[in-house]
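Colleague: Before I use this model, I would like to understand the reasons behind its labels. Could you take me through them slowly?

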Amino acid sequence: MKNKLQCAKILALAAGVTISSITYGATFSFTYLDAAGFGFNDATPVSPIGGNNGTTLGEQRRNLLEEAGNTWGVFLDSNIEIKVQA
């Protein structure tokens, strides 16, 4: 988490934005609604790429969405769980 905070501050500074305090208050939970073999549940084998260690296409898609949620969590301060259906 510390590295994400540092990255967020660097990106903010590069964009000309000053951030005095960033909290990790937002929690995301994900429910995947795709049928077996489709979208987020696609079982097509793939090789890990670019830091995404998923070994199926669906797993890589889920990893990407969950990482996006973690990134938003850096900027959102909320004590309410954010539920995402995808």
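Modeller: What follows goes from the whole chain to single residues, with the definition beside each label.

This is a predicted model, in which local features need pLDDT of at least 70 and side-chain atom pairs count only at pLDDT 80 or more, while totals for chains, interfaces and linings use all residues. Residues are numbered from 1 along each chain as its sequence is written, and side-chain values use heavy atoms, with hydrogens and water left out.

Colleague: What elements does the chain have, and in what order do they run?

Modeller: There are two helices and two strands, and from the N terminus on they run α-β-α-β. Helices (H or I, at least four residues) and strands (E, at least two) are DSSP runs, numbered from the N terminus.

Colleague: How do you know that the span of α2 agrees with its number of residues?

Modeller: The expected span of a helix is 1.5 Å times one less than its number of residues. The 19 residues of α2 should therefore span 27 Å, and with the end C-alpha atoms 28 Å apart the two values agree.

Colleague: Phe 75 is in that helix, which covers residues 57–75; why is Phe 75 called partly exposed?

Modeller: Buried means under 20% relative accessible area, exposed over 50%, and partly exposed in between (1.4 Å probe, protein chains only). Phe 75 has a relative accessibility of 47%, so it counts as partly exposed. By contrast, the buried residues of α2 include Gly 69, Gly 73 and Val 74.

Colleague: Why does Asp 42, in the loop between β1 (28–31) and α2, count as buried?

Modeller: Asp 42 counts as buried because its relative accessibility is 14%. Leaving aside neighbours within four places in sequence, Asp 42 is in contact (heavy atoms within 4.5 Å) with Gly 37, Thr 56, Leu 57, Gly 58 and Arg 61.

Colleague: What makes Phe 28 and Phe 30 a stacked pair?

Modeller: The structure holds three aromatic pairs. The ring centres of Phe 28 and Phe 30 are 6.3 Å apart and their planes are at 15°, so this pair is stacked. Rings of Phe, Tyr and Trp (its six-membered ring) pair if their centres lie within 6.5 Å, and planes under 30 degrees apart count as stacked, over 60 as edge-to-face and the rest as tilted. Phe 30 and Tyr 32 are also stacked, at 6.3 Å centre to centre with 10° between the planes. Ring pairs link Phe 28, Phe 30, Tyr 32 and Phe 40 into a cluster.
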